[in-house]
Amino acid sequence: MSFVFDPPAPPSLAVRGRSARFPVHRIYCVGRNFAEHAREMGAEVERGTPVFFMKPADAVVPGGGALPYPPGTSDLHHEVELVVALGRDAEGEVPVERALDLVFGHGVGLDLTRRDLQARAKEKRLPWDTAKGFDASAPVSELVPASVASPGVDSRLWLEVNGALRQQATLGEMVFGVAEILHELSRLFRLRAGDLVFMGTPAGVAALQPGDRFRAGIDGLVTFEGRIAAP
Ligand code: MN
């Protein structure tokens with residue numbers, strides 16, 4: 001097959017202990033999955049209905065490093081999240097009991113958000129794409145294969161900015177667990193190997209400024225760090 005121009009290489013993430021990389025297919029994100037964060041955003045969690053949105057696959061930034069301050073905002077927010085990476089295609093709807101079979105591994109990432117644009121979109125009942133799906137809006141650590149280690153409900157998810165703790169929670173505080181989220185997504189989309197799922201952020205979201213340094217992690221699993229570069 002030939003193309004009218006060379007297609008770009010697929011976005012990808014490093015995998016711990018492997019030289020082969022994880023090719024990213026889609027990036028799904030869960031909103032309002034920690035009750036305290038939902039409250040700080042002025043929303044209530046509705047238990048029956050997870051909130052989903054997406055980022056383009058090439059918004060992924062492997063491994064942190066220097067992240068550009070995006071144009072079009074003066075209120076760039078951090079949201080630290082567990083990132084679930086899928087290693088198998090799903091055949092249609094996946095029951096909760098079998099959903100974890102799809103998981104290749106886990107990482108930690110930031111769902112970077114133009115909070116000012118999101119607030120305007122919510123006010124006018126407009127979509128969130130410009131607030132959530134911008135270039136370099138999805139920095140993610142290396143992935144840890146589930147065969148090596150997996151986080152549990154007691155694992156602590158955290159983010160420090162310039163050495164000060166900004167966000168932390170245990171994964172058991174998530175309103176919807178990983179299996180439930182994969183089940184719900186599979187009812188709406190065809191899940192594929194290469195999909196990433198950002199599982200939602202705890203309370204404590206706040207602004208990042210050019211020059212800020214961050215460190216994020218899930219205890220016992222993975223850490224990563226980077227900084228916000230000049231616009
Ligand atoms: Mn988020």
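These exercises work through the interior, the empty spaces and the metal site of a predicted model.

**Exercise 1. The main core**

Task: Find which residues of the largest nonpolar core touch the most other members, and which elements give two or more residues to this core.

Solution:
- Step 1. Start with the members. The largest nonpolar core has 46 residues. Leu82, Val84, Val108, Val178, Val197 and Met199 touch the most other members.
- Step 2. Turn to the elements. Two or more residues come from each of strands S3 (27–31), S8 (80–86), S9 (103–110), S13 (156–161), S16 (213–218) and S17 (222–228), and from helix H5 (178–188).
- Step 3. Pick the top contributor. H5 gives the most to this core, with five residues.
- Step 4. Look for another core. A second, separate core has 17 residues, including Phe53, Ala59, Ala138 and Phe198.

**Exercise 2. Contacts of Val197**

Task: List the residues that Val197 touches, leaving out those up to four places away in sequence.

Solution:
- Step 1. Take the contacts with lower numbers. Val197 touches Tyr28, Val30, Leu82, Val83 and Val84, among others.
- Step 2. Add the rest. Val197 also touches Ile181, Leu182 and Leu185.
- Step 3. Place the partners. Tyr28 and Val30 fall in the range of S3 (27–31). Leu82, Val83 and Val84 fall in that of S8 (80–86). Ile181, Leu182 and Leu185 fall in that of H5 (178–188).

**Exercise 3. Helix H5**

Task: Decide how many residues of H5 are buried, and what covers them.

Solution:
- Step 1. Apply the cut-off. Buried means under 20% relative accessible area.
- Step 2. Count. Eight of the 11 residues of H5 are buried, so the helix is largely enclosed by the rest of the structure.
- Step 3. Name them. The buried residues are Val178, Ala179, Ile181, Leu182, His183, Glu184, Leu185 and Ser186.
- Step 4. Find the cover. It includes S3, strand S4 (51–55), S8, helix H2 (96–99), S9 and strand S15 (196–198).

**Exercise 4. Ser141**

Task: Is Ser141 buried or exposed, and what does it touch?

Solution:
- Step 1. Locate it. Ser141 lies in the loop between strand S11 (138–140) and strand S12 (144–145).
- Step 2. Check the area. Its relative accessible area is 1%, so Ser141 is buried.
- Step 3. List contacts. Beyond residues up to four places away in sequence, Ser141 touches Leu13, Gly63, Gly107, Val108, Val222, Thr223 and Phe224.

**Exercise 5. Cavity and pocket**

Task: Describe the lining of the largest cavity and of the largest pocket by class.

Solution:
- Step 1. Size the cavity. The structure holds one cavity of 30 Å³ or more. The largest cavity has a volume of about 130 Å³.
- Step 2. Read its lining. Of 16 lining residues, Gly31, Arg32, His37, Glu79 and Gln118 are the closest to its centre. Helix H3 (115–123) supplies the largest share, three residues.
- Step 3. Class them. The cavity lining has four nonpolar, five polar and seven charged residues.
- Step 4. Repeat for the pocket. The largest pocket has a volume of about 230 Å³. Its 13 lining residues include Leu82, Pro151, Gly152, Met174 and Val178, which lie nearest its centre. By class, eight are nonpolar, five are polar and none is charged.

**Exercise 6. The manganese site**

Task: Which residues coordinate the manganese ion, and how are they spaced in sequence?

Solution:
- Step 1. Name the donors. Glu79 (OE), Glu81 (OE) and Asp111 (OD) coordinate the ion at 2.0 to 2.1 Å.
- Step 2. Write the spacing. It is E-x1-E-x29-D.
- Step 3. Place one pair. Glu81 is in S8, and Asp111 is in the loop between S9 and strand S10 (113–114), 30 residues apart.
- Step 4. Check burial. Both Glu81 and Asp111 are buried.

How values were computed:
Residues are numbered from 1 along each chain as its sequence is written. This is a predicted model: local features need pLDDT of at least 70, side-chain atom pairs count only at pLDDT 80 or more; totals for chains, interfaces and linings use all residues. Side-chain values use heavy atoms; hydrogens and water are left out. A nonpolar core is a set of buried Ala, Val, Leu, Ile, Met, Phe, Trp, Tyr and Cys residues joined through side-chain atoms within 4.5 Å. Buried means under 20% relative accessible area, exposed over 50%, partly exposed in between (1.4 Å probe, protein chains only). Helices (H or I, at least four residues) and strands (E, at least two) are DSSP runs, numbered from the N terminus. Contact means heavy atoms within 4.5 Å. On a 1 Å grid over the protein atoms alone, a cavity is a set of points where a 1.4 Å probe fits but cannot get out, and a pocket is an open set with protein on both sides within 12 Å along at least five of seven lines; lining residues have an atom within 4 Å of a point. Grid points are joined across faces, edges and corners, and a volume is the space filled by probe spheres set on the points. Ala, Val, Leu, Ile, Met, Phe, Trp, Tyr, Cys and Pro count as nonpolar, Asp, Glu, Lys and Arg as charged, and the others, Gly among them, as polar. Donors are N, O and S atoms within 2.8 Å of the metal (3.2 Å for Na, K and Ca); water is not among the atoms, so sites may look incomplete.
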